[in-house]
Amino acid sequence: MIRFFRSGNPLTVLLLLMYTLLVKFYYLLHPVAYIADGSEGLLYELLVKWLHGLVGGSPLFFTSVAIIIIFLQALLFTKVINHHRLFPRSTYLPAMCFLLFTSMLQSWNVFSPALLVNLIMVWVFSSITELYTRTSARDVVFNIGFALGVCGLFYFPAIILCLLLLVSMLIMRAFRLAEWIIAILGLICPLYLMGTYLFLTGQITLLRKIPNIGLSLPRITDYKVWGAMVACVLFFVIGWLVLQRPLKKMLIQGRKIWAVLIIYVLVAVLVPFFNVHFSPGYWVLVVLPVSIFAGHVFWSVTNDTFANIIHFITLAYVIVMQYFS
């Protein structure tokens, strides 16, 4: 099976669709409406209220939308990776890994603020990869800052992802103070526009809901969460180790993008700790960048039989956790 996902053939998308139904079928059988635990942002609340008015609180609808979003994220993220040739050839292994790893926890397959932020982060990461080749990047950094500001309106702790932008600018470009100021202005702009809209519509009291942030140091006792965390960390570390040799042969831009991905993982790990109420479901933000390292693990195993064994062990773990735990 790995041989098919290793291929960059566009028809592999159909196989990915069937694979999605396989690993997500349990969640369609046992749907959950959406996450509303008090950590969500104002824009997310308004979106859920609007959807609730259209379809009611149908768990199947919200779970189906969540799975469609995950599938789109897998395809779009893989497209960015293939465009920058982070693998020797085009491949759909990162998409397969993202679909597989997000299936380890039910909270990673629920309509949530983090899932919407992840969708925006695909575009943010794509824009960051273009910084190296731009002579002037003021428009790009403003747009990235604006997108991160919108993320904050869906899920305010996502503002911490602005660290990814600032560190990425240091990695991808020489320091230019004007670009940093423009990036910060872009970050503030959505908050300013939302505040202006609420003021003009007489809903100024809702402004108090925007800075929805806290600090949580949880004690995690759920073995499923530990299992998902261990799997992600293991594949991330192994993926980084096997990457060292091919990394030396890459172009400078490629090496810088991999460095940005490391920062992406480290920053995304921190975000859920700033929830009002901690939830492992927000660690779906980490799974997106980890999936490319996991994909590189499968790519580096040249023996298809051994690669399939690793895949089926991981898949079997997912199925056991879903149906028999």
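I take contact to mean heavy atoms within 4.5 Å. The model I am looking at is a predicted one.

**Entry 1: Leu153**

I began with Leu153, which sits in helix α7. Which residues does Leu153 touch, not counting residues up to four places away in sequence? I found Gly41, Leu42, Leu43 and Tyr44. I also found Pro190, Leu191, Met194 and Ile210. Is Leu153 buried or exposed? Its relative accessible area is 5%, and the cut-off for buried is under 20%, so I noted Leu153 as buried. I then looked up Lys49, which is 104 residues from Leu153 along the chain. The C-alpha atoms of Leu153 and Lys49 are separated by 15 Å.

**Entry 2: α7 and α9**

Next I followed Leu153 into the contact of α7 with α9, where it is one of the α7 residues. Helix α7 covers residues 138–154, and helix α9 covers residues 177–200. How do their axes cross? They come within 7 Å and cross at roughly 35 degrees. I wrote the crossing down as right-handed.

I listed the α7 side: Arg138, Val141, Phe142, Gly145, Phe146, Leu148, Gly149, Val150 and Leu153. On the α9 side I picked out several residues, among them Ile182, Leu187, Pro190, Leu191 and Met194. By class, the contact of α7 with α9 has 16 nonpolar, three polar and two charged residues.

**Entry 3: the largest pocket**

I turned to the pockets. The largest pocket has a volume of about 360 Å³. Which residues are the closest to its centre? I noted His84, Arg85, Leu86, Met250 and Leu251, out of 16 that line this pocket. Three helices each supply at least two residues of the lining: α10 (223–247), α11 (252–270) and α12 (284–300). I sorted the lining of the largest pocket by class and got nine nonpolar, five polar and two charged residues.

**Entry 4: the second largest pocket**

The second largest pocket has a volume of about 240 Å³. It is lined by 13 residues, and the closest to its centre are Met229, Cys232, Val233, Val269 and Val286. Again I met α10, α11 and α12, the elements that give two or more residues to this lining. Which element gives the most? I found that α10 does, with five residues. The lining of the second largest pocket has 13 nonpolar residues, no polar ones and no charged ones.

**Entry 5: Arg85**

I went back to Arg85, one of the residues closest to the centre of the largest pocket. Arg85 lies in the loop between α4 (59–83) and α5 (93–101). I checked its backbone angle. Most residues other than glycine have a negative phi. Arg85 is not a glycine, yet its phi is positive, at about 55 degrees. Why does Arg85 count as exposed? Its relative accessibility is 70%, and exposed means over 50%, so Arg85 passes the cut-off.

**Entry 6: Ile70**

I moved to helix α4, where Ile70 lies. Ile70 has a relative accessible area of 0%, so I put it down as buried. Leaving aside its neighbours within four places in sequence, what is Ile70 in contact with? I listed Lys24, Phe98, Leu99, Thr102, Trp108, Asn109 and Leu115. I also looked up Thr12, which is 58 residues from Ile70 in sequence. C-alpha to C-alpha, Ile70 and Thr12 are 17 Å apart in space.

**Entry 7: Ser168**

Ser168 has its place in helix α8, residues 162–172. I noted Ser168 as buried because its relative accessibility is 1%. Residues up to four places away in sequence aside, Ser168 touches Ile128, Arg173 and Val260.

**Entry 8: the loop between α9 and α10**

I looked up two residues in the loop between α9 and α10: Ser216 and Arg219. Is each one buried or exposed? Ser216 counts as buried, at 11% relative accessibility. Arg219 counts as exposed, at 79%.

I then listed what Ser216 touches, not counting residues up to four places away in sequence. The residues are Phe273, Asn275, Val276, His277 and Phe278. Ser216 and Gly254 are 38 residues apart in sequence, and their C-alpha atoms are 36 Å apart in space. Last, I paired Arg219 with Met18, which is 201 residues away in sequence. From C-alpha to C-alpha, Arg219 and Met18 are 37 Å apart in space.

Note on methods:
Residues numbered from 1 in each chain as written. Predicted model: local features only at pLDDT ≥ 70, side-chain atom pairs only at ≥ 80, totals over all residues. Heavy atoms only, no water. 1 Å grid on protein atoms, 1.4 Å probe; cavity = no way out; pocket = protein on both sides within 12 Å on 5 of 7 lines; lining within 4 Å. Points joined across faces, edges and corners; volume = space filled by probe spheres on them. Helix = DSSP H or I, 4+ residues; strand = E, 2+ residues; numbered from the N terminus. Nonpolar A, V, L, I, M, F, W, Y, C, P; charged D, E, K, R; others polar. Axes fitted to C-alpha atoms, helices over the stretch in contact; angles between N-to-C directions. Left-handed = near helix turned anticlockwise from the far one by under 90°. Buried < 20%, exposed > 50% of the residue type's maximum accessible area, 1.4 Å probe, protein only.
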